[in-house]
Amino acid sequence: MLVSLLSSQYHRIQAIAEAWIAQGAKAFGVYEQGRPLAYWPSGQRMLPPDLTAAIYQYDTIVGELRLSGIRNEAARQRLQADANLIGYILQLEYELQCMTADLVTSQDQQLALYRLTQAMRDLVTIRETLATVVSEAQRTLKGRAGFAVYVPVNGGDPLVLQSVEHCLSQDLIWRLYWQLQTEDRPLLLNEGDNDLRRPPGVRNLILVPIRVRGMMMACLGVIDRPDRFGTPELKLGRAIAEQASAQIERILLYQEMVEQARLRSEMDLARRVQTDLLPRTLPTVAGLDIYAYSRPALQVGGDFFDFINLPDHPFIFTIGDVSGKGVSAALLMSMTRTALHSKAQFMPSPTPALVMRQSSEDLYNDFTRIGVFATVFVGQYEANQRAITYANAGHAPVIYRPHNGRSELIIADNTAIGILPVNHFQNRSLAMEPGDLLVVATDGFSDARNENDDVFGIERLLAIVDELAAQPAREIANGIFRAVDQFSIGHPQDDDQTLIVLKGAAP
């Protein structure tokens, strides 16, 4: 069957192959039971596949697509969508062959459905499908005109199509549609039946629902047949509606798969953009051992960290957590990070309190309008004093451990950005002698949960920092991630996890 499809639809499959080659693929092939049926570019040796996608006819695998030279999730989704499309065409070809075999003894119903299937085989939009259904139904049922209504369940714009322009008014068509919704069964209205539902000026009418996914999403109507509409016409109308329903279902499924592939591709791009916003390399600062890392809960998140390390400029670091997760949090994260970065970089004499105060004033109106907030910690290393000056806008956990003491939680002394129009930030100071340790993390660590819904908590975090304090900054960070991961086995990561570890070192 797949060989037959290649023969009849070669140009279509070739177009798919050429599109992949144009996107950078090295090879594209159609295989049946491991045997190549067609291969592009032709004349080249076969390459091991990087991606494969099964071609189904109903629930049976009848072949597969193989792709070389591209390997990512978006490509895998797209290749599977192509395989599903070929399977769908294969299914149509099979259905056409079965119907052709029955045409010798078929009646009007089978002949009408055959013609309708042929007419719809290359259609990829619901509008085209309904226009074809209306035209075929009008011709088959011998009506003067036909019409269809489609109301998508996702809130999109409804469609009203007529085979003859202005054969019925829009208001009248909608009244008939809602009448069908109310009665939930086909309507047969003939002249002489004294049925008040029959519109004025219409001799007779048949109206059948088109159900998709168990719901009446559309209807099909034909008016003014020379004779009355009876049971045979009702059966034929129902059969046409069922065929239209199946075609609409296939179109919706294909559109959803394409949309999902597009969204995954966009999310992957958003993740790469967000990753590029974070520092790509760790700064080298005399007297400090520095490490930082961010792990979003979703593909993108609301956490960030940043370093400003310029000649003749104090070393400043920031870390923040925007409320929420996903794309919305990522957009606000970018705003917050940009505001802080620009203030810290271009102020002539920046301090954490000044950077925080001006950034908070810039962001307050936008954050208030959409009902979000961000916790932020800004620190500045004073090399000559071996100290860190900081300002904290509601951020936690912040853990400080002197080289000769125990870990302690540093409490924020100001509210988060986006809560108050004016914040009176103050500079605080912490010693940063060799061995002193500062861990600034987001609440994705302390709020992590296990399968019993227990919280990791601050106490465990303090204990882990004490346990790892003798290690370099990178090992301390990795140890914290390992401890939280071990605790959370069996429970997915709920929130973004980001931290900066600063440890005093010999200058």
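**Notebook: a first walk through the model**

I began with tyrosine 58, which I found in the loop between E3 and E4. This is a predicted model, so I read everything below as a computed picture. Tyrosine 58 is not a glycine, yet its phi is positive, at about 60°. I also looked up how covered it is: with a relative accessible area of 41%, tyrosine 58 is partly exposed.

**Entry: a neighbour of tyrosine 58**

Which residues does glutamine 91 touch, leaving aside neighbours within four places in sequence? I found Tyr58 and Arg250. Glutamine 91 sits in helix H3, which runs over residues 73-102. Its relative accessibility is 16%, and the cut-off for buried is under 20%, so glutamine 91 counts as buried.

**Entry: the open sheet**

Next I traced an open sheet of 4 strands, and I noted the order E2-E1-E4-E3 with antiparallel pairing. Strand E2 (35-40) and strand E3 (51-57) are at the edges; each has a single partner strand, so one side of each has no neighbour in the sheet. From one strand to the next, the twist averages 20°.

I then looked at what packs on this sheet. Helix H2 (residues 10-22) does, touching E1, E2 and strand E4 (60-68). The direction of H2 makes about 140° with that of E1. How many bridges pair strand E1 with E2? I noted 5 bridges, in the antiparallel sense, with E1 covering residues 27-32.

**Entry: two cis peptide bonds**

I looked up the bond between tryptophan 40 and proline 41 and found it cis, with omega about -10°. Proline 41 belongs to the loop between E2 and E3. I noted another cis peptide bond from alanine 396 to proline 397, where omega is near 0°. Proline 397 lies in the loop between strand E14 (387-393) and strand E15 (398-401).

**Entry: helix H5**

Does the length of helix H5 come out as long or short for what it should span, and why? Neither: at 1.5 Å a residue, the 15 residues of H5 (126-140) should span 21 Å, and the end C-alpha atoms are 21 Å apart, so the two agree. I listed buried residues in H5, among them Ile126, Leu130, Val133, Val134 and Ala137. Thr129, Glu136 and Gln138 are also buried there. After H5 comes lysine 142, with a positive phi near 60°.

**Entry: aspartate 453**

I met a positive phi again at aspartate 453, a residue other than glycine, where the value is near 70°. Aspartate 453 is in the loop between helix H10 (443-446) and helix H11 (457-468). Its relative accessible area is 48%, so I wrote it down as partly exposed.

**Entry: the nonpolar core**

Which members of the largest nonpolar core touch the most other members? Out of 46 residues, they are Phe317 and Leu438. I followed phenylalanine 317 further, setting aside residues up to four places away in sequence: its contacts include Phe307, Phe377, Ile388, Leu438, Val440, Ile500 and Leu502. Asp306 and Gln380 are also among the residues that phenylalanine 317 touches. In soluble globular proteins, nonpolar side chains tend to be buried together.

**Entry: the whole protein**

I stepped back and counted 12 helices and 19 strands. Of the 507 residues, 49% count as buried. The protein exposes about 24400 Å², and carbon and sulfur atoms supply 51% of that. Among contacts between residues at least 6 apart in sequence, 65% join residues at least 24 apart.

Notes: Residues numbered from 1 in each chain as written. Predicted model: local features only at pLDDT ≥ 70, side-chain atom pairs only at ≥ 80, totals over all residues. Heavy atoms only, no water. Core = buried A, V, L, I, M, F, W, Y, C linked by side-chain atoms within 4.5 Å. Buried < 20%, exposed > 50% of the residue type's maximum accessible area, 1.4 Å probe, protein only. Contact = heavy atoms within 4.5 Å. Pairing = 2+ DSSP bridges. Helix = DSSP H or I, 4+ residues; strand = E, 2+ residues; numbered from the N terminus. Axes fitted to C-alpha atoms, helices over the stretch in contact; angles between N-to-C directions. Areas by Shrake-Rupley, 256 points an atom, 1.4 Å probe, with all protein chains shown as cover. Expected span 1.5 Å × (residues − 1).
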